[in-house]
Amino acid sequence: MARYGMAQKYVPKAAEVCEKSLKEFISAIGNIDKLVVLTGAGISTESGIPDYRSKDVGLYARIAHKPIYHQDYMRSNRCRQRYWSRNFLAWPRFGQAAPNINHYSLAKWEASDRFHWLITQNVDGLHHKAGSNMVTELHGNALHVHCTTCDYTESRHDYQEKLDKANPGFKDTYVAPGEIAPDGDIILPLGTEKGFKIPECPCCGGLMKTAVTFFGDNVKMDKVNFCYEKVDQADGLLALGTSLAVLSGFRFIHHAHLQKKPIFIVNIGPTRADHMATLKLDYKISDVLSEL
């Protein structure tokens, strides 16, 4: 598991746990026969990976982070150089991130008939690392790389070796800063990417890209419809560590709300669906999951 000091660095200040509220929350979830869980970046903060929007400690609160958009990536080689040079330097830390108690707790829930499915907005692959199988990675998985033209896929670990070979000395010239984004991105001085070489697809020579949905792109509808089906089959939803600011995750909460299904939220800070929640706790996720 992640080291305690680093694990707590990106966890925002939470409300003090009220035993009465916690027991009420646990009791209410205990009445759900089929539960769908939706997770966001907040579940991985205890693994040393920051979220985007938390007050004071979220990425957007600390640095002027601008994610790379899908359209820019596809049309601009300079943009791809910027992406891969940053991702290359961040990979040793991001790729070695370990699941925390929250990921392991949810993986154990799969043994229960009452656990129906897990939908995650995260791309860090930590749910799979913890042993979860009943999970849909809504935005993909940054631990894999694929060709944008053909169906070739390889591990991000193997592609790192290719990047290193194509750019000898780069990792020794530039030291990755301490800040890392939930998608494995970092901030480097403008121009650092100049001359960075990006290995092509070995099968067709196409553009290689991490297997994640970039900003400005759409989640595939077959994946979205599959998640809608899981929500339809469920009796309630539990959202963990997400502000639900992005539509791709919020739509499932809204869908459940229209069906008048109970919605439970654990998130430090406000969410887009607070008014839809049956119960909400502003507690650290591990303080709740350890009791469920």
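The buried residues of helix H8 are covered by several elements, including helix H5, strand S4 (140-147), strand S5 (153-155) and strand S6 (208-212). That is a good place to enter this structure, which is a predicted model. Which residues of H8 are buried? They are Arg156, Tyr159, Gln160 and Leu163. These four cover an arc of only 110° around the axis, which puts them on the same side of H8. A general rule of helices fits here. An α-helix has 3.6 residues a turn, so residues three or four places apart point the same way. The other side of H8 carries Glu161 and Lys165, and both are exposed.

Now take the partner helix. H5 runs over residues 77-95, and H8 over residues 156-166. The two pack at an angle of about 120°. Their axes lie 11 Å apart. The crossing of H5 past H8 is left-handed. From H5, the contact uses Trp84, Asn87, Phe88, Trp91 and Pro92. From H8, it uses Arg156, His157, Tyr159, Gln160, Leu163 and Asp164. By class, the residues of this contact are 6 nonpolar, 3 polar and 2 charged. Buried residues of H8 appear here again: Arg156, Tyr159, Gln160 and Leu163 are in the list of residues that meet H5.

Step back to the whole chain. It has 292 residues, and 52% of them count as buried. Its secondary structure comes to 12 helices and 9 strands. How far apart in sequence are the residues that its contacts join? Take the contacts between residues at least 6 apart in sequence: 73% of these join residues at least 24 apart.

A second pair of helices offers another view of packing. Helix H10 covers residues 221-233, and helix H11 covers residues 247-258. They pack at an angle of about 35°, with axes 10 Å apart. H10 passes H11 in a right-handed crossing. On the H10 side stand Val224, Cys227, Tyr228, Val231 and Asp232. They meet Arg251, Phe252, His255 and Ala256 of H11. This contact holds 6 nonpolar, 1 polar and 2 charged residues.

Next come the annotated positions. An unreviewed UniProt entry places the feature "active site" at His139. Where does His139 sit? Its place is in the loop between strand S3 (135-137) and S4. Is His139 buried or exposed? Its relative accessible area is 14%, under the 20% cut-off, so His139 counts as buried. Sequence neighbours within four places aside, His139 is in contact with Thr120, Gln121, Val123, Ala211, Val212, Thr213, Val219 and Ser248. Residues 211 and 212 belong to strand S6 (208-212), one of the elements that cover the buried residues of H8.

Val123 is one of those contacts of His139. Val123 lies in the loop between strand S2 (115-120) and H7. With a relative accessibility of 9%, Val123 is buried. Val123 and His139 are 16 residues apart along the chain, and their C-alpha atoms are separated by 6.2 Å.

Another loop residue, Ser132, comes just after helix H7 in this tour. Ser132 lies between H7 (126-129) and S3. Ser132 is buried, with a relative accessible area of 1%. Beyond its neighbours within four places in sequence, Ser132 touches Leu106, Ala107, Glu110, Leu118 and His127.

The last stop is a group of cysteines. The unreviewed UniProt entry gives the feature "binding site" at Cys147, Cys150, Cys201 and Cys204. How do these four lie in space? They span 58 residues in sequence, yet no two of their C-alpha atoms are more than 8.5 Å apart, so they gather at one spot.

Look at two of them in turn. Cys147 is in strand S4. Cys147 is buried, at 3% relative accessibility. Neighbours within four places aside, Cys147 is in contact with Tyr152, Cys201, Cys204, Gly206, Leu207 and Met208. Cys150 sits in the loop between S4 and S5. At 26% relative accessibility, Cys150 counts as partly exposed. Leaving out residues up to four places away, Cys150 touches Cys201, Cys203 and Cys204. S4 and S5 bring the tour back to its start, as both help to cover the buried residues of H8.

Technical notes:
Residues are numbered from 1 along each chain as its sequence is written. This is a predicted model: local features need pLDDT of at least 70, side-chain atom pairs count only at pLDDT 80 or more; totals for chains, interfaces and linings use all residues. Side-chain values use heavy atoms; hydrogens and water are left out. Axes are lines fitted to C-alpha atoms, for helices over the stretch in contact, and angles run from 0 to 180 degrees between N-to-C directions. A crossing is left-handed if the near helix is turned anticlockwise from the far one by less than a right angle, and right-handed if clockwise. Contact means heavy atoms within 4.5 Å. Ala, Val, Leu, Ile, Met, Phe, Trp, Tyr, Cys and Pro count as nonpolar, Asp, Glu, Lys and Arg as charged, and the others, Gly among them, as polar. Buried means under 20% relative accessible area, exposed over 50%, partly exposed in between (1.4 Å probe, protein chains only). The arc is that of the directions from the helix axis to the C-beta atoms. UniProt positions are given in the numbering used here, feature names are shortened, and annotations may be inferred rather than shown by experiment.
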